[in-house]
Amino acid sequence: RECTKALQICEKELGNDHPYTENCSTLFSELKLRKAAATNNEGLALAKAGGDYRDVVKLFREALEIYIEMGREADPDRTALVYENVAAAYISADMLQEAVAASADALKIYRRKLGDDHDVTKKRMEEHRS
(Lines give C-alpha, C1' and ligand atoms only; values in the text may rest on other atoms or scores of the structure.)
Protein backbone atom coordinates (compact mmCIF):
# COMPACT_ATOMS: atom_id res chain seq x y z
CA ARG A 1 0.00 0.00 0.00
CA GLU A 2 2.84 2.36 0.78
CA CYS A 3 4.11 1.98 -2.79
CA THR A 4 0.69 2.82 -4.17
CA LYS A 5 0.53 5.94 -2.01
CA ALA A 6 4.04 6.99 -2.97
CA LEU A 7 3.26 6.56 -6.65
CA GLN A 8 0.05 8.56 -6.33
CA ILE A 9 1.88 11.39 -4.54
CA CYS A 10 4.60 11.47 -7.20
CA GLU A 11 2.03 11.53 -9.99
CA LYS A 12 0.03 14.29 -8.30
CA GLU A 13 2.90 16.49 -7.17
CA LEU A 14 5.49 15.90 -9.89
CA GLY A 15 3.54 14.65 -12.90
CA ASN A 16 3.85 11.41 -14.84
CA ASP A 17 6.90 12.46 -16.85
CA HIS A 18 9.11 13.35 -13.89
CA PRO A 19 12.10 10.98 -13.40
CA TYR A 20 11.13 10.28 -9.77
CA THR A 21 7.61 9.31 -10.83
CA GLU A 22 8.96 7.05 -13.58
CA ASN A 23 11.39 5.43 -11.13
CA CYS A 24 8.64 4.91 -8.56
CA SER A 25 6.37 3.41 -11.21
CA THR A 26 9.10 1.01 -12.36
CA LEU A 27 9.84 -0.11 -8.80
CA PHE A 28 6.13 -0.55 -8.09
CA SER A 29 5.73 -2.74 -11.18
CA GLU A 30 8.75 -4.83 -10.20
CA LEU A 31 7.34 -5.37 -6.70
CA LYS A 32 4.00 -6.47 -8.14
CA LEU A 33 5.69 -8.96 -10.48
CA ARG A 34 7.70 -10.35 -7.57
CA LYS A 35 4.53 -10.73 -5.49
CA ALA A 36 2.83 -12.59 -8.34
CA ALA A 37 5.83 -14.92 -8.74
CA ALA A 38 5.99 -15.56 -4.99
CA THR A 39 2.26 -16.31 -4.85
CA ASN A 40 2.58 -18.71 -7.78
CA ASN A 41 5.50 -20.45 -6.05
CA GLU A 42 3.44 -20.74 -2.86
CA GLY A 43 0.73 -22.45 -4.89
CA LEU A 44 3.26 -24.85 -6.39
CA ALA A 45 4.63 -25.70 -2.95
CA LEU A 46 1.15 -26.32 -1.58
CA ALA A 47 0.27 -28.51 -4.58
CA LYS A 48 3.48 -30.50 -4.13
CA ALA A 49 2.66 -30.97 -0.43
CA GLY A 50 -0.75 -32.37 -1.37
CA GLY A 51 -2.80 -29.34 -0.34
CA ASP A 52 -6.46 -28.98 -1.17
CA TYR A 53 -6.88 -28.04 -4.83
CA ARG A 54 -9.17 -25.12 -3.86
CA ASP A 55 -6.37 -23.52 -1.83
CA VAL A 56 -3.88 -24.19 -4.60
CA VAL A 57 -6.12 -22.69 -7.28
CA LYS A 58 -6.84 -19.69 -5.03
CA LEU A 59 -3.12 -18.91 -4.85
CA PHE A 60 -2.68 -19.32 -8.60
CA ARG A 61 -5.70 -17.08 -9.23
CA GLU A 62 -4.21 -14.41 -6.94
CA ALA A 63 -1.02 -14.49 -9.02
CA LEU A 64 -3.07 -14.31 -12.22
CA GLU A 65 -5.00 -11.29 -10.95
CA ILE A 66 -1.73 -9.40 -10.51
CA TYR A 67 -0.46 -10.35 -13.97
CA ILE A 68 -3.79 -9.49 -15.59
CA GLU A 69 -4.02 -6.19 -13.70
CA MET A 70 -0.58 -5.28 -15.04
CA GLY A 71 -1.47 -6.49 -18.51
CA ARG A 72 -0.63 -9.99 -19.64
CA GLU A 73 2.16 -8.66 -21.79
CA ALA A 74 4.01 -7.44 -18.70
CA ASP A 75 5.25 -11.02 -18.31
CA PRO A 76 3.45 -13.27 -20.79
CA ASP A 77 5.64 -16.31 -20.11
CA ARG A 78 4.86 -16.28 -16.41
CA THR A 79 1.19 -15.56 -17.01
CA ALA A 80 0.88 -18.52 -19.38
CA LEU A 81 2.76 -20.70 -16.90
CA VAL A 82 0.37 -19.77 -14.09
CA TYR A 83 -2.59 -20.66 -16.33
CA GLU A 84 -0.92 -24.03 -16.90
CA ASN A 85 -0.52 -24.43 -13.14
CA VAL A 86 -4.23 -23.72 -12.68
CA ALA A 87 -5.01 -26.35 -15.32
CA ALA A 88 -2.78 -28.90 -13.55
CA ALA A 89 -4.49 -28.21 -10.22
CA TYR A 90 -7.90 -28.76 -11.83
CA ILE A 91 -6.72 -31.95 -13.51
CA SER A 92 -5.54 -33.33 -10.17
CA ALA A 93 -9.04 -32.63 -8.81
CA ASP A 94 -10.71 -34.30 -11.85
CA MET A 95 -12.21 -30.97 -12.92
CA LEU A 96 -11.50 -31.37 -16.60
CA GLN A 97 -13.76 -28.63 -17.97
CA GLU A 98 -12.03 -26.04 -15.78
CA ALA A 99 -8.63 -27.46 -16.71
CA VAL A 100 -9.38 -27.16 -20.43
CA ALA A 101 -10.45 -23.52 -19.98
CA ALA A 102 -7.24 -22.62 -18.12
CA SER A 103 -5.16 -24.48 -20.69
CA ALA A 104 -6.89 -22.57 -23.48
CA ASP A 105 -5.99 -19.25 -21.81
CA ALA A 106 -2.34 -20.31 -21.66
CA LEU A 107 -2.42 -21.38 -25.29
CA LYS A 108 -3.81 -17.98 -26.37
CA ILE A 109 -0.83 -16.27 -24.79
CA TYR A 110 1.66 -18.64 -26.45
CA ARG A 111 0.01 -18.16 -29.83
CA ARG A 112 -0.01 -14.38 -29.48
CA LYS A 113 3.57 -14.17 -28.23
CA LEU A 114 5.29 -16.90 -30.22
CA GLY A 115 3.00 -17.55 -33.17
CA ASP A 116 1.40 -20.78 -34.32
CA ASP A 117 4.57 -22.14 -35.95
CA HIS A 118 6.78 -22.00 -32.86
CA ASP A 119 7.72 -25.38 -31.34
CA VAL A 120 6.46 -24.42 -27.87
CA THR A 121 3.10 -23.32 -29.29
CA LYS A 122 2.78 -26.49 -31.36
CA LYS A 123 3.55 -28.61 -28.28
CA ARG A 124 0.99 -26.73 -26.17
CA MET A 125 -1.62 -27.01 -28.95
CA GLU A 126 -1.10 -30.77 -29.07
CA GLU A 127 -1.33 -31.06 -25.27
CA HIS A 128 -4.48 -28.95 -25.26
CA ARG A 129 -6.13 -31.22 -27.82
CA SER A 130 -5.42 -34.36 -25.80
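Select H5 and H6: in this predicted model, H5 passes H6 in a left-handed crossing. The two helices pack at an angle of about 160°, and their axes are 9 Å apart. An angle over 145 degrees counts as roughly antiparallel, and H5 and H6 are therefore roughly antiparallel to each other.

Now show side chains at this contact. On H5, pick Val-100, Ser-103, Ala-104, Leu-107, Tyr-110, Arg-111 and Leu-114. Their partners on H6 are Val-120, Thr-121, Arg-124, Met-125 and His-128. Coloured by class, the contact of H5 with H6 shows 7 nonpolar, 3 polar and 2 charged residues.

**Step back to the whole chain**

Display the chain as a cartoon. The secondary structure consists of 6 helices and 0 strands, so a strand selection will come back empty by the DSSP assignment used here. From the N terminus, the order of elements is α-α-α-α-α-α. A box drawn along the principal axes around the C-alpha atoms is roughly 55 × 35 × 20 Å.

**H4 against H5**

Keep H5 and add H4. Their axes come within 8 Å and cross at roughly 165°. H4 and H5 are therefore roughly antiparallel to each other, and their crossing is left-handed.

Which residues of H4 meet H5? Select Pro-76, Asp-77, Thr-79, Ala-80, Leu-81, Tyr-83, Glu-84, Val-86, Ala-87, Tyr-90 and Ile-91. On the H5 side, select Leu-96, Glu-98, Ala-99, Ala-102, Ser-103, Asp-105, Ala-106, Ile-109, Tyr-110 and Lys-113. By class, the contact of H4 with H5 has 14 nonpolar, 2 polar and 5 charged residues. Leave Ser-103 and Tyr-110 labelled: both residues of H5 meet H4, and both also belong to the contact with H6.

**H3 against H4**

Hide H5 and bring in H3. The axes of H3 and H4 come within 9 Å and cross at roughly 160°. That angle makes H3 roughly antiparallel to H4. The crossing of H3 with H4 is left-handed.

On H3, the residues to select are Tyr-53, Val-56, Val-57, Phe-60, Arg-61, Ala-63, Leu-64, Tyr-67 and Ile-68. They meet Arg-78, Thr-79, Val-82, Tyr-83, Asn-85, Val-86, Ala-89 and Tyr-90 of H4. The residues of this contact divide into 13 nonpolar, 2 polar and 2 charged. Thr-79, Tyr-83, Val-86 and Tyr-90 of H4 appear here, facing H3 in the contact list, and they are listed in the contact with H5 as well.

**The largest pocket**

Turn on a surface and show H4, H5 and H6 together. The largest pocket has a volume of about 300 Å³. Its lining has 15 residues, and those closest to the centre are Ala-87, Ile-91, Ser-103, Glu-127 and His-128. Helix H4 (76-92), helix H5 (96-114) and helix H6 (119-129) each give two or more residues to this lining.

Which helix gives the most to the lining of the largest pocket? H5 does, with 7 residues. The lining as a whole divides into 9 nonpolar, 3 polar and 3 charged residues. Ser-103, among the residues closest to the pocket centre, is the labelled residue from the H4 contact.

**The second largest pocket**

Move to H2, H3 and H4. The second largest pocket holds about 150 Å³ of space. To see its lining, select Leu-44, Ala-47, Gly-51, Tyr-53, Val-56, Phe-60, Asn-85, Ala-88, Ala-89, Ser-92 and Ala-93. Helix H2 (19-48), helix H3 (53-70) and H4 each supply at least two of the lining residues. The largest share comes from H4, with 4 residues.

By class, this lining has 8 nonpolar, 3 polar and no charged residues. Finish with Tyr-53, Val-56 and Phe-60, which line this pocket and also take part in the contact of H3 with H4. On H4, Asn-85 and Ala-89 are likewise in the lining and in that contact.

Terms used
Residues are numbered from 1 along each chain as its sequence is written. This is a predicted model: local features need pLDDT of at least 70, side-chain atom pairs count only at pLDDT 80 or more; totals for chains, interfaces and linings use all residues. Side-chain values use heavy atoms; hydrogens and water are left out. On a 1 Å grid over the protein atoms alone, a cavity is a set of points where a 1.4 Å probe fits but cannot get out, and a pocket is an open set with protein on both sides within 12 Å along at least five of seven lines; lining residues have an atom within 4 Å of a point. Grid points are joined across faces, edges and corners, and a volume is the space filled by probe spheres set on the points. Ala, Val, Leu, Ile, Met, Phe, Trp, Tyr, Cys and Pro count as nonpolar, Asp, Glu, Lys and Arg as charged, and the others, Gly among them, as polar. Axes are lines fitted to C-alpha atoms, for helices over the stretch in contact, and angles run from 0 to 180 degrees between N-to-C directions. Angles under 35 degrees count as roughly parallel, over 145 as roughly antiparallel, 65 to 115 as roughly perpendicular and the rest as oblique. A crossing is left-handed if the near helix is turned anticlockwise from the far one by less than a right angle, and right-handed if clockwise. Contact means heavy atoms within 4.5 Å.
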